[in-house]
Amino acid sequence: MHKDAKIYIAGHRGMVGSAVWRALEKKGYTQLIGKTSASLDLRNQQAVLDFYKNEKPEVVIDAAARVGGILANKNFPYQFLMENMQIQNNLISGALEAGIEKFIFLGSSCIYPKLAPQPLKEEYLLTAPLEPTNEWYAIAKITGVKTCQAIRNQFQKDYVSLMPTNLYGSFDNFDLQTSHVLPAMLRKFHEAAASNAPVTLWGSGKPMREFLFVDDMAEAVVYALENKLPEYLYNVGSGKDITIRELAETIQKVTGHQGAIIWDAEKPDGTPRKLMDVSKMKEVGWSYRTELQEGIEKTYAWFLKNREEIKEVKL
């Protein structure tokens, strides 16, 4: 991929999109395109088609999505299903119509069945029921994966899907009503640290989760950009998982909180375990670099630096 290629990053202000932007700039790419939601509504098909016609990007990286944790998915199922399908369908179909040869679609590990064997392999897709707490988002992302696969098969274009594990890092969503588990915990422990007040967390603490620092995810995207991957779907993660209780204890250590941790077992745990099989990405030449505690320390440093400017995200 030549360094002056026009690359459109949908969702360039989000956690993943901004990390991809930084990674591409670091590697010397000079023609990056980003549009705010105010200047380009990705839910509007004609607006997307006009954008492609005017800007003529050579590559599209789709990091745009409506995202949130268990509570947000529970409260807004229609928006999580419909808006995500509108965004990705307009981007993917518009790219095909515009003759764009390379498209990188970013999804989520929640596309896999709730009780699929561990670690999760790409071939487990659509083999059993999904986790109910995020099925609406998962169904939308599955349609994106299959659309890219259909285009790849029918038109021989380099459209590939990357399924990240749980991501965290700079520009994450720290709103306690809509965020994912790691940033929500980080904020709770930070706010309780001054007085060492007890911190109450959802569930039993027993479920196991895998986490990947977002800058590592960005490097995986750059790798997919610079190489033609032979298959349509790849898991992206560390290949390691820990219990939610261990995660809480690590964040507690990083933030300096010394109070009690209270587990509210009446709240849902979600999927009992979600570990990605990342062997396919390793086989093609990519693997993660940032260990969990180091990544949490970097994220907490960013949070402390930017906490006055962090916006509350409301759905």
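Buried means under 20% relative accessible area, exposed means over 50%, and partly exposed lies in between, with a 1.4 Å probe and protein chains only. By that yardstick Tyr-137 is buried, at 11% relative accessibility.

The structure above is a predicted model, in which local features need pLDDT of at least 70, side-chain atom pairs count only at pLDDT 80 or more, and totals for chains, interfaces and linings use all residues. Residues are numbered from 1 along each chain as its sequence is written, and side-chain values use heavy atoms, leaving out hydrogens and water.

**Helix α4 and its aromatic partner**

A good place to begin is helix α4, residues 77–97. Helices (H or I, at least four residues) and strands (E, at least two) are DSSP runs, numbered from the N terminus. With 21 residues, α4 reaches 30 Å from its first C-alpha to its last, close to the 30 Å expected at 1.5 Å a residue; the expected span is 1.5 Å times one less than the number of residues. Buried residues of α4 include Phe-80, Leu-81, Met-85, Ile-87, Leu-91 and Ile-92, and also polar ones such as Glu-83, Asn-84 and Gln-88. After the helix comes Gly-99, with a positive phi near 80°.

Phe-80 is worth a closer look. Its relative accessible area is 0%, so Phe-80 is buried. The charged end of Arg-66 sits over the Phe-80 ring, 5.8 Å from its centre. Such a contact is counted if NZ of Lys or CZ of Arg is within 6 Å of the ring centre and within 35 degrees of the ring normal. Elsewhere, Lys-3 lies over the face of Tyr-29, at 4.8 Å from the ring centre.

**Aromatic pairs**

The structure holds 9 aromatic pairs. Rings of Phe, Tyr and Trp (its six-membered ring) pair if their centres lie within 6.5 Å; planes under 30 degrees apart count as stacked, over 60 as edge-to-face and the rest as tilted. Two of the pairs are set out here.

| Pair | Centre to centre | Between planes | Geometry |
|---|---|---|---|
| Phe-80 and Tyr-137 | 6.4 Å | 75° | edge-to-face |
| Phe-171 and Trp-302 | 5.0 Å | 50° | tilted |

The pair of Phe-80 in α4 and Tyr-137 in helix α5 (residues 135–155) links distant parts of the chain, 57 residues apart. Phe-171 lies in the loop between β6 (166–168) and α6 (181–193) and Trp-302 in helix α10 (residues 292–306), so their pair ties together parts that are 131 residues apart in sequence. Phe-171 is partly exposed at 43% relative accessible area, while Trp-302 is buried at 15%. Both belong to one aromatic cluster with Phe-174, Tyr-300 and Phe-303.

**The nonpolar core**

A nonpolar core is a set of buried Ala, Val, Leu, Ile, Met, Phe, Trp, Tyr and Cys residues joined through side-chain atoms within 4.5 Å. The largest one has 38 residues, and Tyr-8, Leu-42, Tyr-52, Leu-91, Phe-103 and Tyr-112 touch the most other members. The elements giving two or more residues to this core are β1 (6–10), α2 (45–55), α4, β4 (102–106), α5 and β5 (158–164). Of these, α5 gives the most, with 6 residues.

**Cysteines**

There are 0 disulfides in the structure, a disulfide being a pair of cysteine sulfur atoms within 2.5 Å. The sulfur of Cys-110 is 16 Å from the closest cysteine sulfur, in Cys-148, which is too far for a bond. Cys-110 counts as buried at 6% relative accessibility, and Cys-148 likewise at 1%.

**A small sheet**

Strands β11, β8 and β13 form an open sheet in the order β11-β8-β13, with mixed pairing. Two strands pair if DSSP finds at least two bridges between them. At the edges, β11 (242–243) and β13 (273–274) each pair on one side only. Strand β8 (residues 208–209) pairs with β11 in the antiparallel sense over 2 bridges, and Met-208 stands opposite Thr-243 in β11.

**Backbone details in the loops**

The loop between β4 and α5 contains Pro-119, which is joined to Gln-118 by a cis peptide bond with omega of about -5°. Leu-126 lies in the loop between β4 and α5 too; Leu-126 is not a glycine, yet its phi is positive, near 65°. Leu-126 is exposed, with a relative accessible area of 56%. Lys-56, in the loop between α2 and β3 (59–62), is another non-glycine residue with a positive phi, about 55°. Lys-56 is exposed, with a relative accessible area of 56%.
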